[in-house]
Amino acid sequence: MKRHMTQEVNIGSVSIGAGHPVAIQTMWDRPIEDTSSVLRSIEDLAEIGCDLMRFSILDTAALAPFSEICRHSSMPIIADIHFDHTLAIGAIERGAAKIRINPGNIGARWKVDEIIRASKDHGTAIRIGINGGSLPVQYRKTPDHVGSMLTVISSYIDMFERQDFTSMVISLKDSDPGVCYEVNKAYAQRYGYPLHLGVTEAGPLIPSVTKSAFALGRLLYEGIGDTIRISITGSIEDEVTAAKELLKTVGRYDHGVTIISCPKCGRAGFDTHAFMHDIQRELSVIKEPVTVAVMGCAVNGPGEAARADIGITGLGRDVVIFKEGTIIAHVTPGEAKEAFLAELKVIIDEKYHN
Ligand code: SF4
C-alpha cells in the first residue's frame with residue numbers, strides 16, 4: 001500500500017509519521033486522582049495495543065496527579081486543554097509528551113505563542129485539533145463545511161510555522177463520517193504534518209465502529225493517518241480493540257491475533273460465542289501474528305481451520321483442535337479453553353521463539 005508520507009514527530013518514546021506504524025490512542029474517562037489505579041490501567045491498555053493515552057486537564061488541581069502519571073507511565077501521556085493557556089503550559093512543564101489544543105478557544109494570539117514557546121523548551125509535540133462543530137463563529141454556517149475546516153486549519157498551521165514550530169500533529173474531526181473522510185483526504189493532499197484520525201461523537205460501539213470503518217478505514221486504506229482513536233460511548237478497552245481491528249483490516253497493523261470465527265447456527269456442536277468470550281483477553285495480549293479459527297461444526301470448521309495456524313471446531317459430539325488443518329486433539333467443551341491456549345502457545349513458540 002502506498003503511504004501518504006508525513007514528517008516524523010516524536011511523542012515521547014513513540015514516533016509517528018515518516019512511515020512509522022499508526023499509533024493507537026484512547027482517552028482517560030475517569031477521575032485521575034487515584035494515580036496508582038490509573039497507572040495500572042495504562043499498563044493493561046498497553047498490553048492490548050494502546051500506544052498513547054490522553055487526559056483532559058480541567059483545572060490546576062489536575063496538574064499534580066497528571067505530573068505523577070507522566071513520571072511513572074511507560075506510555076507517552078497527552079494533555080487535552082481547552083480555554084486556559086496556563087493549564088497547557090502547566091501540563092507541558094509536568095511532562096506531557098504532547099498537548100492537544102484548539103487555538104481558536106485558547107484565545108489571544110500571545111497565549112498561543114506562550115504555549116508554543118513552552119513546547120519548544122520541553123520538546124513537547126502539539127496536536128492542533130479542530131472539530132467541525134467548534135469552528136470560529138464566522139465559519140459555522142457556511143455551506144462548504146469541508147472548505148471552512150481547511151481554511152481554519154491552514155490559518156492555524158501558518159500561526160505555528162511563523163513561530164518556527166513544526167512538531168505538529170493535525171486533527172480534523174466531525175461527527176459526519178463523510179465530512180471526516182473528505183476533509184482529511186483534502187488536508188493530506190496539501191500538508192505533510194502527521195494526521196490524528198477520529199470521527200468525533202461517534203456513538204456507542206456498533207455505530208461508532210461502523211462510522212469509523214467507513215471514514216477512517218478508507219483513509220487508512222489510502223495510506224492516510226498516523227494516529228487513531230475510535231471514539232466510543234463505551235469502554236476505552238473497546239476503543240483500543242476497535243482501532244487495532246480496523247488497522248489490521250486495512251493492512252496497517254501486522255501483529256497480534258487475527259480471528260476467523262463463525263456466527264454459529266443450528267448446526268453448531270460447539271458454542272463459539274461463549275468460547276470467544278472466554279478467550280478474548282488471552283488473545284488480545286498476544287503480540288505475534290497468528291491466525292486462529294473458532295468454528296461451530298464440520299460444515300466450514302475444518303476448512304477454515306486449515307487456513308489458520310490453529311483452529312477449534314465442533315465435530316459431532318466432540319470438540320477438536322486443528323493445527324494447519326490436521327486434528328491434533330479431541331477435547332471436551334470443559335477442557336477446550338485450556339487445551340486450545342496451550343496448543344496456541346506451542347505454535348507461537350515454534351514459529352517465533354525458537
Ligand atoms: S461453521 Fe457450522 S455452526 Fe458455524 S455458522 Fe457455519 S454451519 Fe453454522
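Visitor: Which domains does the domain assignment of the chain give?
Guide: The assignment divides the chain into domain 1, covering 9-249, and domain 2, covering 257-352. Please note that this is a predicted model.

Visitor: And how far apart are the C-alpha centres of domain 1 and domain 2?
Guide: Those two centres are separated by 38 Å.

Visitor: How many residues are in contact between them?
Guide: On the side of domain 1 there are seven residues in contact with six residues of domain 2. The area buried between the two domains is about 480 Å², and carbon and sulfur atoms give 33% of that area.

Visitor: Which residues supply 70% of the area that domain 1 buries?
Guide: They are Glu-47, Ile-48 and Lys-248; no other three residues of domain 1 supply more of the area buried against domain 2.

Visitor: Which elements give two or more residues to that side of domain 1?
Guide: Helix α1 (35-47) and helix α9 (236-249) do so. By class, the side of domain 1 that touches domain 2 has five charged residues, two nonpolar residues and no polar ones.

Visitor: What is the count of salt bridges between the domains, then?
Guide: The count between domain 1 and domain 2 is zero. There are, however, three residue pairs in polar contact between the two domains.

Visitor: How many salt bridges does the structure hold?
Guide: The structure holds 13 salt bridges. One of them joins Arg-71 to Glu-68, with the closest N and O atoms 2.9 Å apart.

Visitor: Where do Arg-71 and Glu-68 sit relative to each other?
Guide: Both belong to helix α2 (residues 63-72); because they are three residues apart there, about one helical turn separates them.

Visitor: New topic: which residues are around the ligand?
Guide: The residues around the ligand are Cys-262, Pro-263, Lys-264, Cys-265, Arg-267, Ala-268, Met-295, Gly-296, Cys-297, Val-299 and Asn-300.

Visitor: What is that shell like by class?
Guide: Seven residues of the shell are nonpolar, two are polar and two are charged.

Visitor: I also noticed Ile-260. Which strand does it lie in?
Guide: Ile-260 lies in strand β11, which spans residues 257-261.

Visitor: What does Ile-260 touch?
Guide: Leaving aside residues up to four places away in sequence, Ile-260 touches Thr-291, Val-292, Ala-293, Val-294, Met-295, Glu-304 and Arg-307. Met-295 is also one of the residues around the ligand.

Visitor: How far apart are Ile-260 and Lys-345?
Guide: They are 85 residues apart in sequence, and their C-alpha atoms are 18 Å apart in space.

Conventions:
Residues numbered from 1 in each chain as written. Predicted model: local features only at pLDDT ≥ 70, side-chain atom pairs only at ≥ 80, totals over all residues. Heavy atoms only, no water. Near = heavy atom within 4 Å. Nonpolar A, V, L, I, M, F, W, Y, C, P; charged D, E, K, R; others polar. Domains from an automatic or database assignment. Contact = heavy atoms within 4.5 Å. Buried area = accessible area lost by both parts, 1.4 Å probe. Salt bridge = Lys/Arg side-chain N within 4 Å of Asp/Glu carboxyl O. Polar contact = N/O pair within 3.5 Å; in protein donor to acceptor, adjacent residues only side chain to side chain. Helix = DSSP H or I, 4+ residues; strand = E, 2+ residues; numbered from the N terminus.
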